[in-house]
Amino acid sequence: MVVEIYYFSGTGNSLYIARELQNRIPGLRLIPIAALLNKRLNERNKNIESTSETIGFVFPCHGLTIPISVKKFLKSLDLTSSKYLFAIATRGGSIFRGFSTIDKILNKQGKNLDASFIINMALNDPKLKSFTIPTSEELDAIEKKVQEKLILIHETIINHETYHDNTSGVTFSRFNSLNYILERLVTFTVHHVAPKVKKYFYADSKCTGCGTCEKVCLSQKITIVNDKPLWQRNVDCYLCYTCLNYCPTHAIQIYSKFYMKSFTKEKGRYPHPYAGVKDMIIQKSNEYTPRSL
Ligand SMILES: Cc1cc2nc3c(=O)[nH]c(=O)nc-3n(C[C@H](O)[C@H](O)[C@H](O)COP(=O)(O)O)c2cc1C
Ligand code: SF4
Ligand code: SF4
């Protein structure tokens, strides 16, 4: 049985999960969504064909649902070969509404998710009040639960079982109707407003012009001009926060037009301990991702 996993990962959490499954399932192919989307642009939007019967998707939760990049990718994926489909969302801890969105896209090809899993991991969004750099004890506690969950995921996948995780998590308020409105607002902001804001990211005076942000940017939105990053308006942003979290001097900030200030200064940054700059570069350029670098 050849298993294909298509993954997207801004700071390595989802990549770590995908790699752990690659270590457990012989012959598993790890395919980066960012590279496929970039290739698709170069090939004038040709559809992406999957070749395996067992296919999985691993990605982070963004704005309570799937990332924009994953949505775009799923819409262009030809799943004729598939017989068993699964999805794994890594998240910081909120409610997750993305599996039904995936099913809606898959239903158009007469398919649906056979299994869906949620994994709680460290938060990689420094603009949030709740963001802190996890201590080694906190990372160990996360890792322990991750390993337990991986046993379940592995068993379920190799036996082609049906399984659907409970997707509830931290919500905004005690009132269902208010939650519904706020949740829609968050998803709308992350998917439609933030990627189009003119000055969402900027580099402050700590920028040394090293070019790392351009190298890791998963959508190729960043280009270095006069030793400073430029977020090009005509290129989509995936809101992966790879640039923000991998800048070696923490010079990249998020500017809130609404509050007219930055929420990311003095906040520290989070990349997964096993995911480096090289992993991000491979993710956007190579067709397959090796076991480890
Ligand atoms: C733009 C953005 C939005 C996010 N939204 C949520 C969210 O709604 N709920 C949640 O639990 N975590 C959220 N997170 C945190 C990530 O889902 C979580 O840290 C994930 O494990 C990161 O995986 P990655 O390193 O593979 O990108 C968000 C992160 C980013 C960058
Ligand atoms: S990674 Fe940071 S320091 Fe390097 S060019 Fe980009 S913003 Fe400047
Ligand atoms: S600009 Fe930053 S957040 Fe947007 S796609 Fe590039 S690396 Fe990701």
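## Ligand 1 and its polar contacts

In this predicted model, the side chain of Thr90 places an N or O atom 2.8 Å from an oxygen atom of ligand 1. The backbone joins in too: a polar backbone atom of Leu64 is 2.8 Å from an oxygen atom of the ligand, and a polar backbone atom of Gly92 is 2.9 Å from an oxygen atom of ligand 1. How much of ligand 1 does the protein cover? Taken on its own, ligand 1 has 640 Å² of accessible area, and the protein covers 96% of that.

If you would like to look around the site, 21 residues surround ligand 1, and those that come nearest are Ser9, Thr11, Ser14, Cys61 and Ser94. By class, this shell holds 13 polar, 7 nonpolar and 1 charged residues. Two elements to pick out are helix 1 (13-24) and strand 6 (84-91), each of which supplies at least two residues of the shell.

## The parallel sheet

Strand 6 also takes part in an open sheet of 6 strands, ordered 2-1-4-6-7-8, with parallel pairing. Which strands stand at the edges of this sheet? They are strand 2 (29-32) and strand 8 (163-164); each has a single partner strand, so one side of each is left without a neighbour in the sheet.

Within the sheet, strand 4 (residues 54-60) runs parallel to strand 6, and 7 bridges join the two. To find your bearings there, look for Phe59, which stands opposite Ala89 in strand 6. As a general reminder, strands of a sheet pair through backbone hydrogen bonds, in either a parallel or an antiparallel way.

## Ligand 3

Now for another site. Ligand 3 has 13 residues around it, and the closest are Cys217, Ser219, Cys237, Cys240 and Cys243. Are the residues of this shell charged or nonpolar? The shell divides into 11 nonpolar and 2 polar residues, with no charged ones. The space that ligand 3 takes up is the largest cavity.

## Ligand 2

Ligand 2 sits in the second largest cavity. The residues around ligand 2 include four cysteines, Cys207, Cys210, Cys213 and Cys247. The others are Thr208, Gly209, Gly211, Thr212, Pro229, Pro248, Thr249 and Ile252. Sorted by class, the shell of ligand 2 has 7 nonpolar and 5 polar residues, and no charged ones.

## The antiparallel strands

Two of the residues around ligand 2, Pro229 and Ile252, lead us to the antiparallel strands. Pro229 belongs to strand 11 (residues 228-231), which runs antiparallel to strand 10 (residues 222-225) and is joined to it by 4 bridges. Opposite Pro229 stands Ile224. The hairpin of strand 10 and strand 11 has 2 residues between the strands, and in it Asn226 takes a positive phi near 50°.

Ile252, in turn, falls within strand 12 (residues 252-256), which pairs with strand 13 in the antiparallel sense over 2 bridges. Here Ser256 stands opposite Lys261 in strand 13. Both strands are part of an open sheet of 3 strands in the order 9-12-13, with antiparallel pairing. At the edges stand strand 9 (201-203) and strand 13 (261-262); each has a single partner strand, so one side of each is left without a neighbour in the sheet.

How values were computed
Residues numbered from 1 in each chain as written. Chains lettered and ligands numbered in written order. Predicted model: local features only at pLDDT ≥ 70, side-chain atom pairs only at ≥ 80, totals over all residues. Heavy atoms only, no water. Near = heavy atom within 4 Å. 1 Å grid on protein atoms, 1.4 Å probe; cavity = no way out; pocket = protein on both sides within 12 Å on 5 of 7 lines; lining within 4 Å. Sits in = over half its atoms within 2 Å of the grid points. Nonpolar A, V, L, I, M, F, W, Y, C, P; charged D, E, K, R; others polar. Polar contact = N/O pair within 3.5 Å; in protein donor to acceptor, adjacent residues only side chain to side chain. Areas by Shrake-Rupley, 256 points an atom, 1.4 Å probe, with all protein chains shown as cover. Pairing = 2+ DSSP bridges.
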